[in-house]
Amino acid sequence: MPTRPTNTSLHVDENLALGVHRDIGMHSPSNGELLIETIFSGANPADVKHANLLGIYPVCLGYDFCGKVLQASANSAFKVGETVAGCTPTGLGRPLKYGSHQTYMVSPEWMTFSVPSSLPLEHAACLSVVAMTAADALYNFFKFTLPQDASDESPRNQKAINPLLIWGASSSVGICALQFARASGIFPIFVTASPQRHSVLSKLGATHCFDYKSPTVISDIKSTLKNYQCDGISYGFDTVGGSAQQVATCASQDAILASVVHEQDSKILMPFATTAEDVTLKLPSVPHPITIPARPDDHWRSWSVLQWAVQNYGTRFHLEVVDIYAGKAEGALEELQRLGSHGRGFGKLALKHPLQ
């Protein structure tokens, strides 16, 4: 008699307690979904923060993944045995099957892509959420020219002065936003980060780098803007959360601003990795659940940028650092908690499955 597969997963329960489940059973994909054996799952701060900040619990944790297709619909574009990656839906009532930090998971086909040989599997597992979030800000809010539509035969048009400020550019969303902006010909690109990251960010396309901890960072940015005859930045993106007001201080009156966390100021937009469907959330500052309407056209625009990143991986786009955790599930959970508290430092983290 064949051995029943064990599905080890990382969870947050109805009491907001994090834990490990050694066997939650196998999931059944619906039509248009894939059953996947996880090879790597990508870690994001959202994995543990969405329970407290957005009311998404109880759930199996995780959104990003790379794995092997075990089951697909008869008319699927994917084949059993194919290596795929992507991310899964969010929102209140999120089914357990969509959590990526488990041995066997389910993903909607429309949120999944085939992994080319040029894309390392652990990198594929960490790419979708950060790239889609950055793309939503740059191409749906800021309306930049898509990288696949920008000319790569001639240098950037440096007469087009539309200053962009990426606050926290060494974050993973910031790294993606910086490379997208460079590919789209944006000039100049101002970034803030720790000084030890400035050389890397300059190589990735930053025009000017500033120390975000400097007491004069705001005045330094404004002083440099004067060299371009600008009264402020045209576009501002807080890619770490909590710095949106500092970005706004550097902005011109008609600037477009975005932040990866929800801000009370309605002028500061919050990008999402998944915008194809309505998403219902429970924010601590709002007494009732709110539904963020779907933006399907925006989703597919962001998806096209993600596919550009996949196709150009290793040449025009890459993640700087991807570390791998392999070991016990409890240790993986500790890594997620550390990440949620901004304690891991530079780069992305992929969890190798199956977790012990």
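**Exercise 1. The largest pocket**

Find which residues lie nearest the centre of the largest pocket, and how many residues line the pocket.

*Solution.* Start with the count: 50 residues line the largest pocket, and Pro45, Thr239, Val240, Val260 and His342 are the ones nearest its centre. Keep in mind that you're looking at a predicted model. Next, look for the elements that give two or more residues to this lining: they are helix 1 (46–54), helix 3 (128–141), helix 4 and strand 18 (348–352). Helix 1 gives the most, with 5 residues. Now sort the lining by residue class, and you get 25 nonpolar, 21 polar and 4 charged residues. To finish, take the volume of the pocket, which is about 1400 Å³.

**Exercise 2. Closed spaces**

Work out how many cavities of 30 Å³ or more the structure holds, then describe the lining of the largest cavity.

*Solution.* Here's the idea behind the search: rolling a probe the size of a water molecule over the atoms shows where empty space is left. The structure turns out to hold 3 cavities of 30 Å³ or more. The largest cavity has a volume of about 60 Å³. Walk around its wall and you'll meet Ser170, Ser171, Ser172, Ile175, Leu319, Glu320, Val321, Phe346, Gly347 and Lys348. Split that lining by class and it comes out as 4 nonpolar, 4 polar and 2 charged.

**Exercise 3. A three-stranded sheet**

Give the strand order of the open sheet of 3 strands, and explain why strand 2 and strand 4 each have one side without a neighbour.

*Solution.* First, the order: it is 2-1-4, with antiparallel pairing. Strand 2 (18–21) and strand 4 (59–60) are at the edges with a single partner strand each, so one side of each has no neighbour in the sheet. On top of this, helix 9 (residues 329–340) packs on the sheet, where it touches strand 1 and strand 2, and its direction makes about 150° with that of strand 2.

Now take the pairings one by one. Strand 1 (residues 9–12) pairs with strand 4 in the antiparallel sense over 2 bridges, and His11 has Cys60 in strand 4 as its bridge partner. Strand 1 and strand 2 also run antiparallel, joined by 4 bridges; here Val12 has Leu18 as its bridge partner in strand 2. These two strands form a hairpin with 5 residues between them, and Leu16 in the turn has a positive phi of about 65°.

Last step: the side chains. In a regular strand they alternate between the two faces of the sheet. You can see this in strand 1, where Ser9 and His11 point one way, Leu10 and Val12 point the other way, and all are buried.

**Exercise 4. Two helix residues**

Decide whether Ala183 is buried or exposed, do the same for His123, and list what each one touches.

*Solution.* Ala183 sits in helix 4 (residues 172–183). Its relative accessible area is 8%, and the cut-off for buried is under 20%, so Ala183 is buried. Leaving out residues up to four places away in sequence, Ala183 touches Pro147, Ala150, Trp308 and Arg316. For a distance check, Leu204 is 21 residues from Ala183 along the chain, and their C-alpha atoms are separated by 9.9 Å.

Now try His123, which is in helix 2 (residues 121–124). Its relative accessibility is 13%, so His123 counts as buried too. With the same sequence neighbours left out, His123 touches Tyr313, Leu319 and Val322.

Definitions and conventions
Residues numbered from 1 in each chain as written. Predicted model: local features only at pLDDT ≥ 70, side-chain atom pairs only at ≥ 80, totals over all residues. Heavy atoms only, no water. Pairing = 2+ DSSP bridges. Contact = heavy atoms within 4.5 Å. Axes fitted to C-alpha atoms, helices over the stretch in contact; angles between N-to-C directions. Buried < 20%, exposed > 50% of the residue type's maximum accessible area, 1.4 Å probe, protein only. 1 Å grid on protein atoms, 1.4 Å probe; cavity = no way out; pocket = protein on both sides within 12 Å on 5 of 7 lines; lining within 4 Å. Points joined across faces, edges and corners; volume = space filled by probe spheres on them. Nonpolar A, V, L, I, M, F, W, Y, C, P; charged D, E, K, R; others polar.
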